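Student: Could we go through this structure together? I would like to begin with single residues and then move on to the interior.

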Amino acid sequence: MEFPTLGEHCQYSNCNQTDFLPLQCKCGKVFCREHFNTHCLSKSCELAPEPKTVNLKSDDQIFKCSEKGCRKGNLHEMKCLKCNKHYCIEHRFHPTCPEIDDETMAIKVEQFEAPRRQFAEANKHLQEKITENIRKALQSSAKVKTASKIHLMRIKQKATGPKTVPVSDRVYFAVAKPKSMDPKAVNIIQDAENLSNIESVSLDPDLKDTVPLFISTKWSLGRAIDSICDSCNIKNDNNKMGNTKLRLFRQLDSYCVSPLKMDTEIGHLMQKEILLEGDKLLIEYIDSGVLNNLDENSQLFLS
């Protein structure tokens, strides 16, 4: 034995084992942990301490598990969201908890859904206001409508794009490439009342400085931007961490098309008249910090 003097022998009858952390009774005898308890409970020694009764309801604020037959306790309370009772970790996700009644569930759902519904209504109003302002001239001017048709015909004659896109899914635009990789200045509008009404719009059918191309109505906006960059040879780091991101703008009013939701489908944007086939579009670099701090209810316009 390397440390013969370390520890003491248990003085309980027929034990005599060496314990490195022995327990000593007030009577002077030394015991191992097992036989110390036996010595105290035997009541043969008047000096032995009496065992302490543990009250799980008050001692150290121990929370008792509500599962039938479980005697475990926890120092921290873990209430079930359904029945509001405490359970230990083992019985945390118990299947026997009664379900919430329909009325209580409806109240809880309303608490979560109300803010989301209010935002959707506010955003819908903003989008309708924007669409009304920027399309009013197109709806009232026969000359602009005629020019738009001529514009679309000229785009289709020269348009390029992935040959894998079915003809029935193709939509055509004229896209102006960014002149530099420097981020463009933008205006952030959060209130529909701050939008300026467009009194007159002139749609130039000239395709100068633009690339006629087609994309699929079934693509997401993010995939459409990737395809436009491929067709126009534009450096695209939207899928990487960086200081700038590419976004799509309408040439008509410099409005940014869905700056935050890249999963929005092109067909949905056209259905809402946010995009019209034959539009002139701009693709520009925007500061990533602007997008990161942008509220979902805000809209971007090029300065």
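Student: Where is the place of Asn14?
Tutor: Please keep in mind that this is a predicted model. Asn14 is in the loop between β1 (8-9) and β2 (18-19).

Student: Is Asn14 buried or exposed?
Tutor: Asn14 counts as exposed, because its relative accessibility is 81% and the cut-off for exposed is over 50%. Its phi is near 65°, which is a positive value in a residue other than glycine.

Student: What is phi for Ser258?
Tutor: Ser258 is not a glycine either, and its phi is positive, at about 45°. Ser258 is placed in the loop between β10 and α5. With a relative accessible area of 14%, Ser258 is buried.

Student: Which aromatic pair involves Tyr255?
Tutor: The model has two aromatic pairs. In one of them, Tyr255 pairs with Phe301, with 5.3 Å from centre to centre and 50° between the planes.

Student: Why does that pair tie together parts that are apart in sequence?
Tutor: Tyr255 lies in the loop between β10 (244-250) and α5 (266-271), while Phe301 belongs to strand β12 (residues 299-302), so the pair links parts that are 46 residues apart in sequence.

Student: Are Tyr255 and Phe301 buried or exposed?
Tutor: Both Tyr255 and Phe301 are buried.

Student: What sits over the ring of Phe214?
Tutor: The charged end of Arg170 does, at 4.1 Å from the centre of the ring.

Student: Now the interior. How many residues does the largest nonpolar core have?
Tutor: It has 35 residues, and those with the most contacts inside it are Ile215, Ile228, Ile266 and Ile283. At least two residues each come from α3 (142-158), β7 (170-176), β9 (211-216), α4 (221-232), β10, α5 and β11 (280-287).

Student: Which element gives the most to this core?
Tutor: That is α4, with six residues. As general background, nonpolar side chains in soluble globular proteins tend to be buried together.

Student: What is Ile283 in contact with?
Tutor: Setting aside neighbours within four places in sequence, the contacts of Ile283 include Val175, Ile225, Ile228, Cys229, Ile234, Leu246 and Leu248. Lys177 and Arg247 are also among them.

Student: Which residues does the second, separate core include?
Tutor: That core has ten residues, including Cys256, Leu282, Ile286 and Leu302.

Student: Let us turn to pockets. How much space lies in the second largest pocket?
Tutor: About 300 Å³ of space lies there. Of the 14 residues that line this pocket, Ala176, Lys177, Lys179, Asp209 and Leu282 are the closest to its centre.

Student: Which element gives the most to that lining?
Tutor: β11 does, with four residues.

Student: Which loop holds Asp279?
Tutor: Asp279 is in the loop between α5 and β11. It counts as buried, at 13% relative accessibility.

Student: What separates the C-alpha atoms of Asp279 and Phe173?
Tutor: They are separated by 5.4 Å, although the two residues are 106 residues apart along the chain.

Student: Last one: where is Asn37 found?
Tutor: Asn37 is found in helix α1 (residues 33-41). At 43% relative accessibility, Asn37 counts as partly exposed. Its C-alpha atom and that of Ala48, eleven residues apart along the chain, are separated by 9.6 Å.

Definitions and conventions. Residues are numbered from 1 along each chain as its sequence is written. This is a predicted model: local features need pLDDT of at least 70, side-chain atom pairs count only at pLDDT 80 or more; totals for chains, interfaces and linings use all residues. Side-chain values use heavy atoms; hydrogens and water are left out. Rings of Phe, Tyr and Trp (its six-membered ring) pair if their centres lie within 6.5 Å; planes under 30 degrees apart count as stacked, over 60 as edge-to-face and the rest as tilted. Buried means under 20% relative accessible area, exposed over 50%, partly exposed in between (1.4 Å probe, protein chains only). A charge sits over a ring if NZ of Lys or CZ of Arg is within 6 Å of the ring centre and within 35 degrees of the ring normal. A nonpolar core is a set of buried Ala, Val, Leu, Ile, Met, Phe, Trp, Tyr and Cys residues joined through side-chain atoms within 4.5 Å. Contact means heavy atoms within 4.5 Å. On a 1 Å grid over the protein atoms alone, a cavity is a set of points where a 1.4 Å probe fits but cannot get out, and a pocket is an open set with protein on both sides within 12 Å along at least five of seven lines; lining residues have an atom within 4 Å of a point. Grid points are joined across faces, edges and corners, and a volume is the space filled by probe spheres set on the points.
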